[in-house]
Amino acid sequence: TDIDWAAFAAALAPVETITEPVLIKKRSRDFFWYSPILNAELKRCFGDLVARPASADELAHVLSVAYAHNAPIVLRGGGTGNYGQSVPMDGGLIIDTTAMNKVLEIGEGWVRSEAGALMADINVALAASGQEMAMFPSTQDIATVGGFVAGGSAGIGSIANGALRDPGNIISLGVMTVEDRPQNRRFDGADALHIHHAWGLNGVITDVTLRTVPRHDWVGCIATFDSYEGTYATGLAIAQSTDIARKLLTTVDARICAYCPKLEGHIRPDKHLLVSMIPTEDRDAFRTLIETHGGHVDLMMTDSEREGAGLPHVYDFSYNHTTLQVLKADRTATYQQVGCPIPPDPQAIKALRPKLGDDVWMHHEFARVGGDIVTFDLPIIWFSSAERLAEINAIYEANGFPVYDAHTWNVEGGGLKPDYTHLAWKKRMDPKGLLNAAKSRFWADVAHLDADEIEALGRA
Ligand code: FAD
């Protein structure tokens, strides 16, 4: 860009800015390096300046300066996304939201926070009212609630309470436009879903109201099994059980456990894992169900027992933290995101396993989406080439397991934004197209149209 960044930074005063190149480079990255394909494409993309507004008024000032300079803008919370969502592919301004971090109001069944609030802090604030977030990602210690709504999809709690996109989970969003004088808009219910998972390209989220649920005392459990399909079948039985509440159900291939040294001595070696969180009062029912299914409860700990034993949370072995355990030891590993037949079918999993090579190690998450119990596979894949990855994808798909590609930097690539509606909203909220525009495969084609025309094109 031909912007005079020193003058730009001066115009942002009194908003905090970061101008040191090393720090700008750090804030230009997220966890895209989980993918060797994204790593090659994104590792040389850097922003020019970071602004760190501490209030909605400061944010509005930053946006109006960016608008005046036609500066590309990328929003950034914790920077824990996996697809380069917050990487500034066009350079320009990075807006770091982490100084807008207040929990604003807590009600019965909801919490409203500034976009940059960390989810772990929201959970702490909720505890006093006997509540907790309906779901949170395993990155809750560094990830922001705005980043979760704009870039995430589900998490710990989703087997009980659904995905973010399920009705009632995102109650309301405060969203700012990018204009000469940025406007505050409020979107509720179905409207908020157009901003959800749009990677911050169609509005700047200022505050988030999410559903909360009554708090339980949770115990973290790991049970072990001889067969993977037996582990999966038991996960399904717990998901369907009416007398065991649960907020996490994860199955992990035995081969992955060798990359979890912290569990050594706490679990039986060379077994497949069922990782779960259940309320203390359901411990006996859980144990009985596991044993009926031929499994063994190796670990069952309250938070204080776990801390005493020096163990991490059990959710450190779930969602993309499972992948991280392997990546810590060996960066040639990667992963994929794969849907499974609904209803979940242990026999289908059993039949698929031998068709995948030794370079694919399964890991399933159980969730409730649209009212159905569903599972998705986040396998460890030992990466050899893009061709082999495509072959693995094709094996999954040929067997009825849809792939939601984790190796793409565009928002339409993962499957959640099937038409142009998010781009029509972009046109309304960001008429110059400054927000993270490079992340849409189609924006450049439709940017000259008005919002209604874009929407009509999407329907066609
Ligand atoms: P960022 O990475 O900073 O941003 C994500 C996207 O949101 C970017 O496109 C950014 O531009 C946009 N954005 C940020 N703030 C705003 C704003 N105020 N307004 C508009 N747009 C904004 N995800 C899950 O859904 N569930 C999981 O269980 C999960 N587990 C993970 C485990 C690991 C180990 C890792 C590395 C990632 C995981 N993720 C998971 C992905 C990610 O951690 C979460 O989605 C997280 O909530 C993102 O929050 P963040 O603050 O880091 O967002």
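The following legends describe close-up views of a predicted model of a protein chain with a ligand.

**View 1. The shell of residues around the ligand.** In this predicted model, 38 residues surround the ligand, and Leu75, Gly77, Thr80, Thr144 and Ala154 come nearest. By class, 23 residues of the shell are polar, 14 are nonpolar and one is charged. Four secondary-structure elements each give at least two residues to the shell: strands β3 (73–76) and β10 (204–214), and helices α6 (145–151) and α13 (319–329). The largest share, five residues, is supplied by α6. Domain 1 (5–96) and domain 2 (218–398) each contribute at least three residues to the shell.

**View 2. Polar atoms facing the ligand.** Two nitrogen distances and one oxygen distance are shown here. An oxygen atom of the ligand lies 2.8 Å from a backbone N or O atom of serine 153. A polar backbone atom of isoleucine 205 is 2.9 Å from a nitrogen atom of the ligand. From the side chain of serine 138, an N or O atom is 3.3 Å from a nitrogen atom of the ligand. On its own the ligand has 980 Å² of accessible area, and the protein covers 97% of this.

**View 3. Serine 138 beside the ligand.** Serine 138 is placed in the loop that runs between β7 (131–133) and α6. Is serine 138 buried or exposed? Its relative accessibility is 11%, so serine 138 counts as buried, the cut-off being under 20%. Beyond the neighbours within four places in sequence, serine 138 is in contact with Ile156, Tyr315, Ser318, Tyr319 and His321. With histidine 321 there is a polar contact between side chains, at 2.8 Å. The side chain of serine 138 also has an N or O atom 3.3 Å from a nitrogen atom of the ligand.

**View 4. The two assigned domains.** The domain assignment divides out domain 1 (5–96) and domain 2 (218–398) in the protein chain. Their C-alpha centres are 35 Å apart. Seven residues of domain 1 and 12 residues of domain 2 take part in the contact. Both domains also reach the ligand, with at least three residues of the shell drawn from each.

**View 5. Threonine 375 in strand β19.** Threonine 375 belongs to strand β19 (residues 372–377). Because its relative accessible area is 2%, threonine 375 is buried. Which residues does threonine 375 contact, leaving aside its neighbours within four places in sequence? They are Tyr232, Gly339, Cys340, Pro344, His364, Glu365 and Phe366. The side chains of threonine 375 and tyrosine 232 are joined by a polar contact of 2.7 Å. Alanine 99 is 276 residues away from threonine 375 in sequence, and their C-alpha atoms are 36 Å apart in space.

**View 6. Aspartate 377 in strand β19.** Strand β19 also holds aspartate 377. With a relative accessibility of 1%, aspartate 377 counts as buried. Not counting residues up to four places away in sequence, aspartate 377 touches Gln336, Gln337, Val338, Cys340, Met362, His363, His364 and Tyr396. A polar atom of its side chain lies 3.1 Å from the backbone nitrogen of histidine 363. Aspartate 377 and cysteine 340 are 37 residues apart along the chain, with 7.2 Å between their C-alpha atoms. Cys340 and His364 are among the contacts of aspartate 377, and threonine 375 likewise has Cys340 and His364 among its contacts.

Key
Residues numbered from 1 in each chain as written. Predicted model: local features only at pLDDT ≥ 70, side-chain atom pairs only at ≥ 80, totals over all residues. Heavy atoms only, no water. Near = heavy atom within 4 Å. Polar contact = N/O pair within 3.5 Å; in protein donor to acceptor, adjacent residues only side chain to side chain. Areas by Shrake-Rupley, 256 points an atom, 1.4 Å probe, with all protein chains shown as cover. Nonpolar A, V, L, I, M, F, W, Y, C, P; charged D, E, K, R; others polar. Domains from an automatic or database assignment. Buried < 20%, exposed > 50% of the residue type's maximum accessible area, 1.4 Å probe, protein only. Contact = heavy atoms within 4.5 Å.
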